[in-house]
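Hi everyone, thanks for making time for this. I'd like to walk you through a structure, so let me put it on the screen before I start talking.

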Amino acid sequence: MSTVPAIQQTGKSDGHVNGHDGKITAFFTDSTLCIGCKACEVACKEWNQISEDGYQWSSFSYDNTMAVGHSTWRHVKFVETPTTVGLGGNAAGELQGWGFSSDVCKHCEQAGCLEACPTGAIVRMEFGAVFVQPDVCNGCSYCVVSCPFGVVEKNPEDGRAFKCTFCSDRQKAGLKPACAQACPTESIKFGEISELRAEAHDRLEQLKARGVDDAVIYDPVDTSVKGIHAFFLVRGDPRAYNLPPEPEIPTIYQKKAWKSAAVAAGAMLGATLLAFLGENRR
Amino acid sequence: MSRVPLPEIPARTPDRESEKRLSEIRREALRRGAVNAPGVTPVGAPFPKASASTGYYGIPMLKEPQWTKEVPLYFFVGGAAGAAAVVASAASLLTDDRALVRDARLVAAAGGIISPALLISDLGVPSRFLNMLRVFKLQSPMSVGAWTLAAFGTFSGAAAFANLAREHVGDVLPVRLLENLSGVLASATGTVLSTYTGVLIGATAIPVWNDHVVTLPHHFAASGVNSAVSILELLGHDDSRALHLLGIAASAFEVYEGIEVESKRNIVNEPLHKGLSGAMVRAGGILSGPVPLALRVGALMTGNEKMRRVACWSSMIGSLLTRFGWVQAGHASARDHRVPLKLSEAQEVRKSSQELAA
């Protein structure tokens, strides 16, 4: 701890929360401020030294990254609303719309990946982040099928699972996550979770007052995920941004499943014993 | 990202058609000064859209399972081995068929050795398997499974060892005690081994697995019993009436499971009815349900041993196909963005876009 204070102080003088003051942190991504510059993606890749993710054109939008994955921890989504072909005009309703939103691991309050991890590699950090310890992960890829947001992914070359670390290393040193630091429009906000939630609601009110009545906050607190540490403000239906309306943590199905397994195990045992009961001792 | 599968682009309109239509539009514009009809449909149209009714360009919201082929193979081997351990204990408790007990113990022990080998192969780096055993986490079916497998491997191995030792050193009490005790423990862990794989894939975010979270443990247990019985019969125990009856019971239950899977038809279960995964699940269901049931009942009535052998092979291939089919269905389900996004009107959208293309 003796080497940390210098940096920690810088963090505090910046007015940012840091990993040492016991606060729970969060991201608030305000897509109405996003300009689609992808500085967050680049900053994330640089800081975390993530490998390249191929050069493939999506062929239907300017978004050629397409989804978060093992080599993409921040991803700017481009929701392009084209004009109707052949009926294009200059009326407001006919103009092309272009929405951007920077996607990231949601760091769920009840995280499917964390609960599914058999090695204990996925842990909860003191500031609320869901973190995959790369030295413990063994690449069983069970977290991949347990994430209701399709975030965590196994790197096929390395054989272990990777996702956003919430820049746990930076937060420990009192710094903002790299993406929030790099964002030129403060679309990605980072701070204490309840303060940020309040800020999100203020922003929503502000937008509504300006006549932006289709803005919504995406933070599924009413589902079994119990809210997320990276919530979003988007315009229109969040489903256009591949944000599921009812994300569920798979753990809630376990009770039913184990009960069924117990019945099946009993039936297996009973049927076998019954079958051999009829056998004559020779 | 190179690893995200691109959404399918519906039937393309040939360039020539668009060019022809453009010429028509130009002519009409020249002649009348205005064109009221819609224009051309560009090549590749309709393009994937990002909207409330289509999701994000149809890009899958969930990640596909990343298990290698070894994992469904393990589901088969582990399931059969677990059931074989139960058969061994039941036979040793209730019959004097020493040969059947020995072979069942050996099948269980062989499964107990092959299963971890398959899982280790899936992980890529062998030493990483040990990380599974650094914690026991009841919350994680994968952890429960790893520990069950470790325990099953130990007990089934000990039981098989004691059984072989009994033949060499004679029927001494400590050896008999070791065999029976480890045999009982192997069958207890064996029942978990045969059923937990259903919990493992059922309690995930993959919609089609999740939807069958109650069915899968039963289904996999019946499948495991079916293949264990078949393996033992093919190893020469085709005179055992008990195995025959057990085979009939398992096949009959598989018939019921098949009907259950077939009768549930909705957007979530599409991968069980359509495409490669649908064909695999269906073929697996037929080969492990009605086919062996009919053959076994036929064999019972006519005494035709050949029919029984065919039923055994059918059950085993069916069980193997079932496991691979269900994993394949998980892939197809993860690729379908409509289910997790609850795009109820998705069908309609697809239909209207096809009309637009035509």
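I'll take the two chains first, then the contact between them, then a couple of helix pairs and one residue.

One thing to keep in mind as you look: this is a predicted model.

Let's begin with chain A. Chain A has 282 residues, and 50% of them are buried. Its secondary structure comes to 8 helices and 10 strands. If you take the contacts in chain A with a separation of 6 or more, 63% of them join residues 24 or more positions apart.

Now chain B, where the balance of elements is 13 helices and 2 strands. Of its 358 residues, 53% count as buried. For chain B, residues 24 or more positions apart make up 75% of the contacts with a separation of 6 or more. What about the overall dimensions of chain B? Along its principal axes, the C-alpha trace spans about 105 × 55 × 30 Å. The radius of gyration of chain B is 27 Å, where a compact globule of 358 residues would have one near 21 Å.

On to the contact between the chains. How many residues does each chain bring to it? Chain B brings 74 residues and chain A brings 71 residues. On the chain B side, the elements that give two or more residues include β1 (50-51), β2 (55-56), α2 (70-94) and α4 (141-169) of chain B. Also among them are α5 (173-202), α7 (215-234), α8 (241-263) and α12 (338-341) of chain B. The largest share of that side is 8 residues, and it comes from α5(B). Sorted by class, the side of chain B that touches chain A has 47 nonpolar, 19 polar and 8 charged residues.

Let me stay with α7(B), since I have two helix pairs to show for it. The partner across the chains is helix α8 of chain A, residues 254-277. The axes of α8(A) and α7(B) come within 8 Å and cross at roughly 25°. Angles under 35 degrees count as roughly parallel, so α8(A) and α7(B) are roughly parallel to each other. Their crossing is right-handed. From α8(A) you have Ala257(A), Ser260(A), Ala261(A), Ala264(A), Ala265(A) and Met268(A), and they meet Pro217(B), His218(B), Ala221(B) and Val225(B) in α7(B). That contact divides into 8 nonpolar, 2 polar and no charged residues.

Within chain B, α7(B) packs with helix α11 (residues 305-335), at an angle of about 140° and with the axes 8 Å apart. Are these two parallel or oblique to each other? At that angle, α7(B) and α11(B) are oblique, and the crossing is left-handed. The residues making this contact include Ser223(B), Asn226(B) and Glu233(B) of α7(B), and Arg308(B), Arg309(B) and Cys312(B) of α11(B). By class, the contact of α7(B) with α11(B) has 4 nonpolar, 7 polar and 3 charged residues.

Last stop, a single residue: Leu287(B), which lies in helix α9 (residues 275-288) of chain B. Why does Leu287(B) count as buried? Leu287(B) has 22 C-beta neighbours inside 10 Å, and 20 or more is what burial takes. Leaving aside neighbours within four places in sequence, Leu287(B) is in contact with Ser314(B), Ile317(B), Gly318(B) and Leu321(B). For a sense of scale, Leu287(B) and Ser92(B) are 195 residues apart in sequence and 30 Å apart in space, C-alpha to C-alpha.

That's my tour, and I'm happy to take questions.

Key:
Residues numbered from 1 in each chain as written. Chains lettered and ligands numbered in written order. Predicted model: local features only at pLDDT ≥ 70, side-chain atom pairs only at ≥ 80, totals over all residues. Contact = placed C-beta atoms within 7 Å. Helix = DSSP H or I, 4+ residues; strand = E, 2+ residues; numbered from the N terminus. Nonpolar A, V, L, I, M, F, W, Y, C, P; charged D, E, K, R; others polar. Buried ≥ 20, exposed ≤ 12 C-beta atoms within 10 Å, placed from the backbone. Rg over C-alpha atoms; globule rule 2.2 N^0.38 Å. Axes fitted to C-alpha atoms, helices over the stretch in contact; angles between N-to-C directions. Parallel < 35°, antiparallel > 145°, perpendicular 65-115°, else oblique. Left-handed = near helix turned anticlockwise from the far one by under 90°.
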